[in-house]
Every structure is written in C-alpha cells, then in structure tokens.
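Thanks for coming. I will take a few minutes to walk through one structure, and you can follow along on the screen.

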Amino acid sequence: MVEQDSEDPWDLPELKDAGVPWSALDTKGKVLKVLVSVMKFIILLGLLYMFICSLDILSSAFQLVGGKSAGDIFQENSVLSNPLAGLVIGVLVTLLVQSSSTSSSIVVSMVSSGILTVKVAVPIIMGTNIGTSVTNTLVAMTQAADRSTFRRAFAGATVHDFFNWLSVLVLLPLEVASGYLYRVTELIIESFQIESGEAPDLLNVITDVLTEAIIQLDESVIGGIASGDSDSRNKSMIKIWCQTANETILQNFTVPGVVNCTFPTLCWVEGNYTVIVKNVSVMSNIKKCNHLFVNTTLPDLAVGLILLALSLLVLCSCLICIVKLLNSMLKGQVASVIKKILNTDFPFPFGWVTGYIAIVVGAGMTFIVQSSSVFTSAITPLVGIGVISIERAYPLSLGSNIGTTTTAILAAMASPGDRLANALQIALVHFLFNISGIILWYPIPFTRIPIRMAKSLGNITASYRWFAAVYIILCFFVLPLLVFSLSLAGWQVLVGVGVPLVVMLIVVVVINVLQKRKPGFLPAGLRSWDFLPLWAHSLDPWDKVVVAFTAKCCCCCKCCQDSNDDQGHEVQESVEQSTEIHKAAYDNPAMAVEKEVEDEIKIELDIIKAAKL
C-alpha cells in the first residue's frame with residue numbers, strides 16, 4: 001500500500017542555505033560569493049543550451065531510426081479514415097520522430113497535396129498532441145533517486161499527459177458526432193483574408209549553430225514516403241547538399257512519329273526514330289552541407305542509433321547537472337524570493353488572474369523556444385526540487401500547448417497560396433483543440449482533474465518507482481498499439497472489445513469515487529475491494545515480484561563477480577599454501593607430509609561439492 005506521510009508530501013520543501021550568511025562575510029568573501037554565483041549562472045545557461053540542443057539531436061535521431069516507418073504509417077489512407085486509428089497513428093508517429101512539429105508538418109503537407117482531407121486529419125492532430133508529452137515524462141524518470149523529488153517531478157510531468165488524454169476523451173467523440181473543430185476552423189478561414197508569411201526563427205538561430213554542425217536532415221523524405229513517392233523510399237534522410245538550384249536545359253526525347261512534333265525546328269528524324277527537343281527543369285547541386293555525417297557511408301539506422309545514444313547521454317548528464325546546480329543556487333533567501341514570485345497568487349479579488357498569466361507565460365516561452373517538449377522538460381526538474389508547485393506547473397503546461405500551436409500557425413502561413421487555406425485550417429484545429437481543452441479542464445477549480453490524477457500517480461510512483469516505467473509503456477506504447485490493431489481488424493472488433501473495456505473502466509472509477517466520498521451509496525460488499533484477490537487491488541504483491549526479480553538479477557551479477565573474485569583468491573591462496581608447505585617440509589618433514597594429506601582431502605571435498613552444484 002502507498003505509504004502515508006505525517007505531513008503533506010506536496011508541500012514545497014525549504015531549501016536551507018548551509019553556507020555562511022551574507023552579513024557575516026567580509027569584502028573579499030562577498031566578492032568571491034558574487035563571482036561564484038555569476039559563474040554558476042553562466043554554467044547553468046550553458047547546460048540549458050546543451051540540454052535544448054540534445055533534445056533537438058534526439059528528435060533527429062528518432063527521425064533517422066523511425067522516420068521512414070512513420071511515413072509508411074501515414075500512407076495507410078484506408079486506416080486513417082477511422083478516427084480512433086487516426087488518433088493512435090498521430091500518437092505513434094510523434095513517438096517515433098519525437099517531434100509534434102515534424103508529425104504535424106507531415107499532416108499539413110498531406111492535406112495540402114490532397115492526399116488527406118482536413119476532416120480525416122483532425123484526429124491525427126489530436127494524437128500528435130498526446131505523443132509530444134512523453135518527453136518530459138521520460139525526463140522525470142532521471143529524478144527517481146530521491147523519493148520526494150520523484151513524487152513531485154513525475155506528477156509535474158504527467159499533469160500534461162492527463163490533460164491531453166482527458167481532452168481527447170471528450171473532444172474526439174464530440175468531433176466525430178458534430179465536426180465541431182472542423183466547422184469552426186472552416187468558418188474562421190472563410191471569414192478572414194489571410195496572406196502568406198514565414199515562420200520566424202527565434203531560439204533556432206542560436207541552437208542551429210551546434211545542431212546543424214552535427215546533423216542535418218531532409219525532412220521532405222518522410223513527407224514523400226507518406227505521399228506515396230517511390231523515389232523517397234530509397235533516399236537517405238541525411239542531408240548532403242544544402243544549396244541547390246533548378247536549371248532549365250534542352251534535352252532530346254524520342255517520340256513515336258513525326259505527327260508528335262510540336263515545332264519543326266526542334267524535331268528531326270534519325271533512322272526509324274523521331275527526335276524532339278524540350279526544355280527540362282533539373283536540380284543541380286551547388287554546395288555541400290557542413291555536418292559530421294555529410295560524407296558518411298553508414299545507413300540512416302546506424303547514424304540514428306549513434307545520435308540516439310549520444311543525445312540521451314548528453315541530455316541525462318545535463319539534466320542531472322542542472323538539478324544539482326539549481327539545488328546549490330536556489331537556497332535560503334534566493335529560493336524564498338523565486339518561490340514567492342512563481343507560486344503566489346494575486347491578492348483578492350484578482351487571485352483567479354494568476355493562472356491565466358501563467359498560461360500566457362507558458363505560451364510565450366514555448367513560442368520563444370519553439371518546442372513544447374523543451375519547455376515542459378525544463379520545468380519538470382524545477383517541480384521536482386520544489387521551486388515550482390504542481391498547481392503552477394499545470395497552467396504553464398497548458399500555455400505550452402498553445403505556444404507550440406502558434407508556431408504551427410505561422411509555419412502554415414508560409415505555404416503557397418493555393419494550399420494556404422487547408423494548411424492553416426489544420427494548424428487552427430490544433431490551436432482550437434488546446435483552447436477547448438483549457439476551457440474544459442481549467443477555469444473552474446473543480447474541473448482541474450489532471451492535477452488530482454497526477455498527484456495520485458505521483459504518490460503511487462513514490463512508493464513503487466517501477467510503476468513509472470509501467471505507466472509510460474502502457475499509456476504510450478501498449479494502449480496505442482492495441483487500439484491500432486483493433487482498428488485494423490474493423491469497427492466490429494474494435495467496438496466488441498473496446499466498449500466492454502471502457503464500460504468496465506468507467507464502473508471501476510465510479511465505484512472508487514463512491515468508496516472515498518459516499519460509501520453509504522454502495523452495497524456492503526462494494527465498499528472496499530477486499531473481496532478481490534490482493535494482487536487485483538493492490539500493488540504490494542507485484543512489488544514483491546519486482547523486488548525479488550531485481551534482487552535475483554543483481555544476485556546473479558554479483559555471484560558472477562564474486563565467482564571471479566573467489567577464483568582469484570583461490571589461486572592466490574594455493575600459491576601461499578604451496579609456499580608454506582615447502583617451507584614446512586624444509587623445517588619439519590613429518591609435519592609437511594601430514595599437511596599434504598590434509599590438503600589432498602580438502603581438494604577431494606571441494607571437487608565433490610562442485611559436482612553437486
């Protein structure tokens with residue numbers, strides 16, 4: 001069972017400063033302390049820069065490893081017509097490429113080219129919203145060492161997950177029944193005369209200096225595969241030529257006969273063939289890219305795995321260093337000031353405004369970094385060490401969802417004029433989906449269910465830390481793959497299997513709520529789950545299995561190590577014993593004979609024991 005602490009585990013901890021107080025320092029000490037603080041701040045900025053760059057490289061690595069598979073998934077148009085399948089495909093593709101911007105851009109290009117309709121693409125956009133929230137959940141796993149920190153960090157990360165899942169559970173059926181998102185965005189597009197523009201490069205101007213020196217990708221390959229272009233399947237996603245140009249040249253073509261000539265001076269007969277000359281547009285390569293893998297002979301998968309390992313190493317290292325550095329910087333009076341600024345509401349009657357300002361701040365910061373994953377992953381360790389409360393992290397995450405959609409809108413505005421309307425409508429669908437979710441789950445405090453769900457999960461994972469991995473695997477891999485498999489089998493199978501499971505889940509949730517709040521409304525047998533086997537309503541038996549399995553694995557590893565150590569000790573002891581025997585034989589021949597007999601008996605016993613084992 002989940003342990004109950006005597007004090008509220010969600011109270012922000014007081015980070016005490018164990019150093020010498022400022023007032024007790026002399027001039028030299030104060031100058032030194034200021035210099036150290038400035039140096040720590042510079043190092044923190046450097047670590048944040050490396051952290052953001054590693055997330056960008058991680059996204060590129062996932063695209064190299066699974067990008068072409070993502071394109072193949074998008075190509076299944078018959079499956080995409082099923083809203084649930086479209087939702088799951090959006091989740092899986094975003095997990096594969098680790099970038100909602102990339103998966104959204106693929107959807108926009110497919111809609112623009114007419115391969116998908118806007119109505120079919122709406123559930124896919126919802127799925128990309130869910131898939132992008134896995135990054136900060138994985139970041140929270142790096143803080144599993146400390147129970148209290150992990151409780152807060154995992155809850156702060158999963159509050160974003162629960163918001164996205166709950167929004168989909170309400171808005172997807174509503175969209176299927178009424179076409180709410182499609183119709184509203186269609187009215188917006190028809191009402192405003194919007195001209196093409198370009199998406200701004202903000203933080204990318206700084207990060208691209210490093211990331212483009214490591215790897216550059218041709219993201220049009222994924223879109224080409226999704227669009228059914230057979231040539232794209234054989235192309236490498238690693239970009240080789242960064243500067244190209246279209247040139248028009250004259251080229252000869254053979255035609256069946258003279259009747260096919262369009263201009264006499266550009267047509268002649270050679271033997272049995274009629275030749276014509278046409279202007280042809282060809283792509284010429286001008287300048288090669290300057291990144292580490294521009295001349296590599298390795299396949300995309302190998303390069304992706306190399307970058308995946310390196311980016312994960314850098315990401316985890318930067319995150320651990322950031323957390324330790326923040327712990328050393330945010331202490332005493334500094335921590336009090338920062339926590340007061342971030343977590344204090346405005347005075348009555350304007351307290352309700354604070355959360356909406358946090359939403360605006362989250363949207364603005366995400367617009368600057370142009371990635372919701374980067375922003376939510378950056379605030380996750382702050383929630384873990386207790387600088388930001390989960391109640392404040394929630395509106396910041398909601399604002400992050402809005403910020404990433406504004407970037408998509410600006411990117412859609414860069415589309416050509418004939419494709420602008422559809423591209424922009426899909427981007428507005430993403431924006432309206434998040435706005436609708438905020439209206440559902442934020443304005444009224446009672447409706448802020450994601451906070452309560454995240455805290456409950458945080459309490460569970462604090463006691464059973466292995467359950468965090470189970471949650472990630474179930475929610476982001478097993479459940480989407482199960483729904484996708486059932487969708488492939490057809491509506492009848494999906495409804496036949498899915499409806500009973502959903503009904504059972506709803507019944508269990510209702511009974512749980514009644515057990516806690518109104519147990520008198522339930523029959524005596526349902527006021528607790530004690531009538532079920534212990535493993536069906538408690539994680540204790542599963543915890544024992546996991547602990548036993550982990551201990552056995554550790555024991556096996558330790559036994560192997562101990563065995564090697566024992567063999568070394570035995571060799572050393574045998575050498576020492578041999579030396580002692582020879583020495584004893586020289587001093588006392590009778591005692592040496594007796595010692596040799598004892599050693600022979602001991603060796604025989606060891607052989608018998610080893611044979612039994």
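I will start with the whole chain, go on to the packing of a few helices, and end with some single residues.

A word of caution first: this is a predicted model. The protein chain has 613 residues, and 40% of them count as buried. Its secondary structure comes to 23 helices and three strands. The accessible surface is about 33900 Å², and carbon and sulfur atoms account for 66% of that. If we take contacts between residues at least 6 apart in sequence, 77% of them join residues at least 24 apart.

Now to the helices. Two packed helices are described by the angle between their axes and the distance between the axes. I will use helix α7 as the reference; please find residues 147-178.

The partner to begin with is helix α5, residues 118-131. How do α5 and α7 run relative to each other? Their axes come within 10 Å and cross at roughly 175 degrees. Angles over 145 degrees count as roughly antiparallel, and α5 and α7 are therefore roughly antiparallel to each other. On the α5 side, the residues that meet α7 are Val122, Pro123, Met126, Asn129 and Ile130. From α7, the residues are Asn164, Trp165, Val168, Leu171, Leu172 and Glu175. By class, that contact has eight nonpolar, two polar and one charged residues.

The next partner is helix α19, residues 466-489. Here the axes come within 12 Å, and the crossing angle is roughly 20 degrees. The cut-off for roughly parallel is an angle under 35 degrees, so α7 and α19 are roughly parallel to each other. The crossing of α7 past α19 is left-handed. From α7, Phe150, Phe154, Thr158, Asp161, Phe162 and Trp165 take part in the contact. They face Ala468, Tyr471, Cys475, Phe476 and Leu479 of α19. This contact divides into nine nonpolar residues, one polar and one charged. You may recall Trp165: it is listed in the contact with α5, and it is listed in the contact with α19.

The last partner is helix α15, residues 372-385. The axes of α7 and α15 are 7 Å apart, and the helices pack at an angle of about 145 degrees. This crossing is right-handed. Thr149, Arg152, Ala153, Gly156, Ala157 and His160 of α7 make the contact with Thr376, Thr380, Val383, Gly384 and Ile385 of α15. Which classes of residue make up the contact of α7 with α15? There are four nonpolar, six polar and one charged.

Ile385 leads on to the single residues. The C-alpha atom of Ile385 is separated by 9.5 Å from that of Lys324, and the two residues are 61 apart along the chain. Lys324 itself is in helix α12, residues 300-329. With a relative accessibility of 58%, Lys324 counts as exposed.

Next is Tyr180, found in helix α8, residues 180-191. Tyr180 is partly exposed, with a relative accessible area of 28%. Which residues does Tyr180 touch, not counting those up to four places away in sequence? They are Leu174, Glu175, Leu432 and Ser436. Leu432 is 252 residues from Tyr180 in sequence, while their C-alpha atoms are 9.9 Å apart in space. Glu175 is also listed in the contact of α7 with α5.

Thr406 gives another pair of this kind. Thr406 is found in helix α16, residues 390-412, and counts as partly exposed at 26% relative accessibility. From Thr406 to Phe431 there are 25 residues along the chain, and the separation of their C-alpha atoms is 7.2 Å.

I will finish with a loop residue. Thr447 lies in the loop between α17 (417-441) and α18 (449-463). Is Thr447 buried or exposed? The relative accessible area of Thr447 is 17%, and buried means under 20%, so Thr447 is buried. Leaving aside neighbours within four places in sequence, Thr447 is in contact with Leu440, Trp441 and Tyr442.

That is the end of the tour.

Methods
Residues are numbered from 1 along each chain as its sequence is written. This is a predicted model: local features need pLDDT of at least 70, side-chain atom pairs count only at pLDDT 80 or more; totals for chains, interfaces and linings use all residues. Side-chain values use heavy atoms; hydrogens and water are left out. Axes are lines fitted to C-alpha atoms, for helices over the stretch in contact, and angles run from 0 to 180 degrees between N-to-C directions. Helices (H or I, at least four residues) and strands (E, at least two) are DSSP runs, numbered from the N terminus. Angles under 35 degrees count as roughly parallel, over 145 as roughly antiparallel, 65 to 115 as roughly perpendicular and the rest as oblique. Contact means heavy atoms within 4.5 Å. Ala, Val, Leu, Ile, Met, Phe, Trp, Tyr, Cys and Pro count as nonpolar, Asp, Glu, Lys and Arg as charged, and the others, Gly among them, as polar. Buried means under 20% relative accessible area, exposed over 50%, partly exposed in between (1.4 Å probe, protein chains only). Accessible areas come from the Shrake-Rupley method with a 1.4 Å probe; for residues, only the protein chains shown count as cover. A crossing is left-handed if the near helix is turned anticlockwise from the far one by less than a right angle, and right-handed if clockwise.
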